[in-house]
Each structure stands twice: as C-alpha cells, then as structure tokens.
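Me: I am new to this structure. Please take one part and look at it closely, with enough of the whole to place it.

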Amino acid sequence: VQLQASGGGLVQPGGSLRLSCAASGSFFSINDMGWYRQAPGKQREWITTVTIAGSAVLADSVKGRFTISRDNTKNTVYLQMNSLKPEDTAVYSCYAGISRTRGDPAMIYWGQGTQVTVSS
C-alpha cells in the first residue's frame with residue numbers, strides 16, 4: 001500500500017493550493033483519511049480528517065480556509081487551501097486508515113510529505 005501526495009509549492013499570501021493524496025496497492029477498504037503538517041522547528045500538527053462517509057473535521061487554525069474532500073472511486077483525498085498565510089508554511093503529510101483484508105483492523109499509512117511555502 002502506498003500513499004502518493006502531490007500539489008505542494010510556493011504561493012503568495014492570500015493565494016490557494018490544492019493537495020492530493022492517492023492510495024494505491026492491494027487493500028480491502030480505506031477508512032478515515034486526512035492531513036497533518038509540520039512547520040520548521042515545530043511539532044507535527046493535525047489539520048483535518050474526513051470519514052468514509054464524507055464527514056469532515058478541521059483544526060481551528062484552518063477552519064474556514066481549508067476544505068477536505070475525498071473521491072472514494074479514486075481512493076484519493078484532497079485538501080483545498082485558500083487564503084493561505086505565511087504561518088501555513090509547512091510540510092504537509094497525508095494519512096489513511098487502511099484495512100488490507102476483510103476483517104482486519106485498519107492500520108495507518110502515511111504519504112510522503114509535500115512542501116507548502118507561503119511567501120511574497
């Protein structure tokens with residue numbers, strides 16, 4: 001099982017970016033999917049989670065600016081980031097709870113981080 005993240009880059013303050021994270025490989029089901037971020041010199045911060053049914057929760061720091069969604073037909077989770085601020089600069093990592101076979105408990109898999117830099 002692999003998670004492949006993409007979409008990071010350099011953006012000016014107030015701008016937008018959309019991150020994607022696709023799961024591939026052999027598995028039975030994907031449960032929760034979401035994103036964390038880690039800024040230089042800071043602890044990893046949970047950003048958002050979306051359930052298999054599409055219910056989402058977001059951290060207060062990004063609420064109203066970021067939106068998480070998923071396409072279960074593509075095994076992909078998206079993070080739409082609007083009104084970006086310099087303090088959003090971080091490495092963003094996706095995760096997914098994946099059951100490899102029917103009846104197995106979900107295990108957390110991580111994608112590689114993607115750098116988001118917000119700067120003028």
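Reply: Buried residues make up 41% of the 120 residues in this protein. The model is a predicted one. Its surface comes to about 6,400 Å² of exposed area, with 49% of that supplied by carbon and sulfur atoms.

Next, the overall build. The protein has 11 strands and zero helices. Read from the N terminus, the order is β-β-β-β-β-β-β-β-β-β-β. The radius of gyration is 14 Å, close to the 14 Å from the globule rule for 120 residues, so the protein is as compact as a globular protein of that length. Along the principal axes, the C-alpha atoms fill a box of roughly 50 × 25 × 25 Å. Take the contacts with a separation of 6 or more: 55% of them join residues 24 or more positions apart.

Charge can be put briefly. There are 11 positive side chains and 7 negative ones. The centres of these two sets lie 3 Å apart.

Now the close look: the run from β4 to β6. Strand β4 covers residues 29-38, and strand β5 covers residues 45-50. The two pair in the antiparallel sense, over five bridges. One pairing to find is tryptophan 35, whose bridge partner in β5 is threonine 48. The two strands form a hairpin with six residues between them. There, glycine 41 takes a positive phi near 75°.

Follow the chain onward. β5 also pairs with strand β6, residues 56-58. These two run antiparallel, joined by three bridges. Threonine 49 has valine 57 as its bridge partner in β6. Here too there is a hairpin, with five residues between the strands. In its turn, glycine 54 has a positive phi of about 100°. So β5 has bridges to β4 and bridges to β6. In a regular strand, side chains alternate between the two faces of the sheet.

One residue elsewhere deserves a stop. Leucine 84 sits in a loop, between β8 (76-81) and β9 (90-99). Is leucine 84 buried or exposed? Its relative accessible area is 2%, and buried means under 20%, so leucine 84 is buried. What is leucine 84 in contact with, leaving aside neighbours within four places in sequence? The list is Val11, Pro13, Gly14, Gly15, Ser16, Leu17, Arg65, Phe66 and Val118. Valine 1 makes another reference point: it is 83 residues from leucine 84 along the chain, and their C-alpha atoms are separated by 31 Å.

Notes
Residues are numbered from 1 along each chain as its sequence is written. This is a predicted model: local features need pLDDT of at least 70, side-chain atom pairs count only at pLDDT 80 or more; totals for chains, interfaces and linings use all residues. Side-chain values use heavy atoms; hydrogens and water are left out. Helices (H or I, at least four residues) and strands (E, at least two) are DSSP runs, numbered from the N terminus. The radius of gyration is taken over C-alpha atoms; the globule rule is 2.2 Å times the number of residues to the power 0.38. Buried means under 20% relative accessible area, exposed over 50%, partly exposed in between (1.4 Å probe, protein chains only). Contact means heavy atoms within 4.5 Å. Accessible areas come from the Shrake-Rupley method with a 1.4 Å probe; for residues, only the protein chains shown count as cover. Lys and Arg count as positive and Asp and Glu as negative; His and the chain ends are not counted. The place of a charge is taken as NZ of Lys, CZ of Arg, CG of Asp or CD of Glu. Two strands pair if DSSP finds at least two bridges between them.
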